[in-house]
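Me: I have a structure in front of me and would like to learn how to read it, one feature after another. Could you take me through it slowly?

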Amino acid sequence: MTHTVAAETRTGRPVTFGILRRLPEHLAIWVPLLLSAGHLVSFALWTVWISFTPSTLVPVSGWVGLRNYTAVMATRNWQIAFDNLLLFGCGFVLLSLLTGLLLAVLLDQRIRGENVLRSIFLYPIALSFVVTGTVWSWLLNPGLGIQKLVNDIGWTSFRFDWLIDRDMAIWTIVIAAVWQSSGFAMALFLAGLRSVDADLIKAAQIDGAGPIRMYRRVILPTLWPITVTVVVIQLQFAITTFDLVRALTGGGPGLATQLPALVVYDLMFQRGLLARGAAAAVLMLLILLAVLLPYAGWRYLQRRQAAHA
Amino acid sequence: MNNISRRSMLAGAAGLFVAPHLTRAQAAKPRLTVISQWSAGSDGAAITALGKKFEEKGGTWQHSPVPGFTTEMMNKLRAQIMAGDPPACSQLKGPEIAAWSKIAPTVDLDALVAAAGYEQVVAPDLARLHKPAGKWISLPLQIYSTNMLFLSKRAMDKAKADKIPVTWADFNTLAQKMKEGGVAHPIANGGTRPDDGQKFEAALAGISPVAYRAAIMTLDESALKGPEVKAAFAQVRKIADWMDPNTAAQHYSTNLQRFVAGDMGMMIQGGWAQGVLLNAGFKLDDFIIAPGPTDNTKPVFLLNADAFIFWQRKEPDLQAGQTLMAQLVMDPAIQTMYSQITGSIPVRSDVDLSGAGWSDGQRQTAAALKEAVANNQAVLSVAHNMAQENGMTAAMIDVITEYVKNKAITPDQAVVRLSDAVEGAR
């Protein structure tokens with residue numbers, strides 16, 4: 001029955017009718033998409049424009065060339081923020097990846113109470129970063145949290161004062177961020193593990209592969225597209241991190257945990273230097289593009305390979 | 001007679017013609033749209049009380065508080081100005097008044113200020129900030145000193161000391177005594193940027209108000225690299241060594257309990273800390289308030305003043321509201337009410353603080369201000385954005401806060417960094 005109707009439309013009815021019939025769908029998809037894309041793109045372009053103007057408290061027109069960019073890149077705050085971004089980005093992505101994968105593999109053992117455990121591991125992602133940051137700022141404070149607890153128990157020489165150590169403070173942000181988002185990586189990996197072809201696993205079992213070998217040689221290699229996705233999502237999160245640092249260290253001690261997003265906010269809204277802040281924001285966008293463009297290219301190649309195969 | 005009556009008839013007719021407008025203008029019920037960051041605690045209570053007075057005078061009070069940092073209030077102000085709908089009146093202070101007055105038209109308050117005789121009773125440095133282009137466009141409301149010295153009574157007992165330190169040498173001796181007497185951390189402090197900035201400005205202004213004026217307020221290059229700035233950094237290092245390193249990024253008020261208990265000894269804070277201490281349930285006899293240390297023994301006053309700026313509006317009711325608000329802000333009775341709630345001191349130097357409702361700390365602060373103004377030792381606070389615009393202030397505080405947290409930086413290096421930062425932000 002449906003078959004005949006479809007055949008009729010394909011042969012007899014004019015094309016416009018088809019478009020009209022699907023109008024609600026088109027409206028539902030394209031209007032919000034165009035609006036949000038237009039919104040995003042227009043504001044991004046506006047920010048780029050502002051970054052070339054001499055704007056301070058409010059936007060003004062004018063042209064100062066790359067002066068804002070050179071000024072921002074020459075500041076200590078930006079240099080510290082950029083170095084921190086490298087440390088934080090690598091540390092956070094690698095650790096959350098490994099933790100997420102480990103959790104996923106452990107959960108994949110068809111254990112009892114899997115649902116409860118999964119919820120527990122996923123729960124931190126439901127928290128606001130401000131909450132995470134505040135709680136960890138207490139836990140990591142040597143006078144209040146973990147160090148004090150261990151000292152009070154009796155191990156008095158125990159030191160865990162990264163929060164107030166300028167060289168280690170950036171790692172406290174890694175700890176809190178990994179705690180918050182390794183559940184997310186776990187969920188993706190778990191979905192990947194569950195979608196591994198059962199025949200593949202059976203074949204490996206018949207060939208006599210043990211569990212470790214099976215994971216290493218058979219299951220994990222099928223996960224690498226998911227790994228790339230997780231890395232890209234976590235990296236773009238790392239680059240835009242703001243609220244977590246704000247609540248956890250406030251960018252301190254001193255300037256030790258500055259990150260690019262903090263510098264942008266500080267320049268724009270605290271120092272009243274809109275154009276400099278916009279330049280810093282555009283630099284952030286370029287860093288993001290450096291991550292996302294290769295990813296897009298990789299996806300494109302993958303799709304082409306799939307089409308050829 | 002005939003002529004006169006004709007004239008009066010004409011006048012009467014004209015009056016009839018004009019009268020409805022006149023009565024409308026006179027009857028325009030004063031209305032005021034205000035934005036400020038004061039939403040809670042003693043600040044919130046004070047501005048609410050001010051609003052009540054405004055309503056008692058027949059006005060409509062429309063206050064939209066933007067809680068949080070001053071910058072958040074400024075973001076709302078910026079958005080409203082850019083939308084062409086500025087509030088009739090907003091909180092703003094220090095050199096930001098000059099900067100912001102360039103982006104939107106403000107109200108000329110000269111006539112109202114003259115009528116209230118306000119100019120004669122405001123400290124000259126302060127008055128200058130509120131009339132950036134020669135005309136009054138904003139009105140200071142209350143004053144705090146950012147370098148008051150708070151002494152914990154219990155810590156003083158532990159140190160067996162009863163003399164209030166006057167110079168930095170006295171201060172250092174007392175801190176040492178406290179340390180020896182079992183006070184864990186002779187200096188109580190938070191870890192925020194303004195906290196660190198306050199330690200530095202208190203040190204430099206206390207060592208030499210002249211050098212402070214030259215280096216920080218006028219950014220004189222040789223003063224910035226001068227021996228006083230280096231000595232101030234050296235003093236800040238001593239202070240930092242006596243602080244609890246674990247405060248991380250905490251607010252100073254987190255440690256008030258330990259301060260009162262004598263676990264921490266001294267606090268260099270703004271006068272507002274008195275209101276915060278009392279609000280937290282502590283008593284006036286838990287602590288002593290004195291002017292910050294000063295090497296020439298005459299009080300140095302680091303000024304921080306909250307103010308209202310008035311933005312031009314066309315609506316007659318808002319204009320009437322601005323007039324009423326300006327009169328209220330300059331009124332000694334209102335300033336008394338306001339300062340008694342917040343713990344600040346009135347801007348008007350002619351308000352009598354001997355009555356009940358004022359604390360000894362406030363009386364001392366007011367006396368210190370009078371003496372400091374007389375000796376030209378009242379200077380503008382940099383940590384609280386009174387001495388420089390925000391961009392310059394932030395560049396300086398960057399150096400100071402790093403110095404406080406990084407003990408590997410020597411005073412010599414800090415001096416170089418500070419003058420470089422100023423050069424970069426110019």
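**Loops, helices and contacts**

Reply: Let us begin in a loop: L219(B) sits in the loop between α10 (209-217) and α11 (221-224) of chain B, where helices (H or I, at least four residues) and strands (E, at least two) are DSSP runs, numbered from the N terminus. This is a predicted model, in which local features need pLDDT of at least 70 and side-chain atom pairs count only at pLDDT 80 or more, while totals for chains, interfaces and linings use all residues. Residues are numbered from 1 along each chain as its sequence is written, and chains are lettered from A and ligands numbered from 1 in the order in which they are written.

Me: What is the phi of L219(B)?

Reply: Most residues other than glycine have a negative phi. In L219(B), however, phi is near 55°, a positive value in a residue other than glycine. N385(B), which lies in the loop between β11 (378-380) and α18 of chain B, also has a positive phi, near 60°.

Me: Is N385(B) buried or exposed?

Reply: A residue is buried if 20 or more other C-beta atoms lie within 10 Å of its own, exposed if 12 or fewer, and partly exposed in between, with C-beta atoms placed from the backbone. N385(B) is buried, because 23 other C-beta atoms lie within 10 Å, whereas L219(B) counts as partly exposed because it has 18 C-beta neighbours inside 10 Å.

Me: Which residues of helix α16 of chain B are buried?

Reply: In helix α16 (residues 332-342) of chain B, the buried residues are Q335(B), Y338(B), S339(B), Q340(B), I341(B) and T342(B). Their cover includes α2, β4 (138-145), α14 (272-279) and β10 (345-346) of chain B. Just after α16(B) comes G343(B), with a positive phi of about 90°.

Me: At what angle do α2(B) and α15(B) pack?

Reply: To answer, one fits axes as lines to C-alpha atoms, for helices over the stretch in contact, and takes angles from 0 to 180 degrees between N-to-C directions. For α2(B) and helix α15 (residues 316-330) of chain B the angle is about 125°, and the axes are 11 Å apart. That makes α2(B) oblique to α15(B), since angles under 35 degrees count as roughly parallel, over 145 as roughly antiparallel, 65 to 115 as roughly perpendicular and the rest as oblique.

Me: Which residues meet there, in α2(B) and α15(B)?

Reply: Two residues are in contact if their C-beta atoms, placed from the backbone, lie within 7 Å. L50(B), K53(B) and F54(B) in α2(B) meet L324(B), M325(B) and L328(B) in α15(B). This contact divides into 5 nonpolar, no polar and 1 charged residues, where Ala, Val, Leu, Ile, Met, Phe, Trp, Tyr, Cys and Pro count as nonpolar, Asp, Glu, Lys and Arg as charged, and the others, Gly among them, as polar.

Me: How many residues does each chain bring to the contact between chain A and chain B?

Reply: Chain B brings 22 residues and chain A brings 23 residues. On the side of chain B that touches chain A, α3 (70-82), α4 (96-101) and α18 (390-405) of chain B each supply at least two residues, and the largest share, 7 residues, comes from α18(B). By class, that side of chain B has 8 nonpolar, 9 polar and 5 charged residues.
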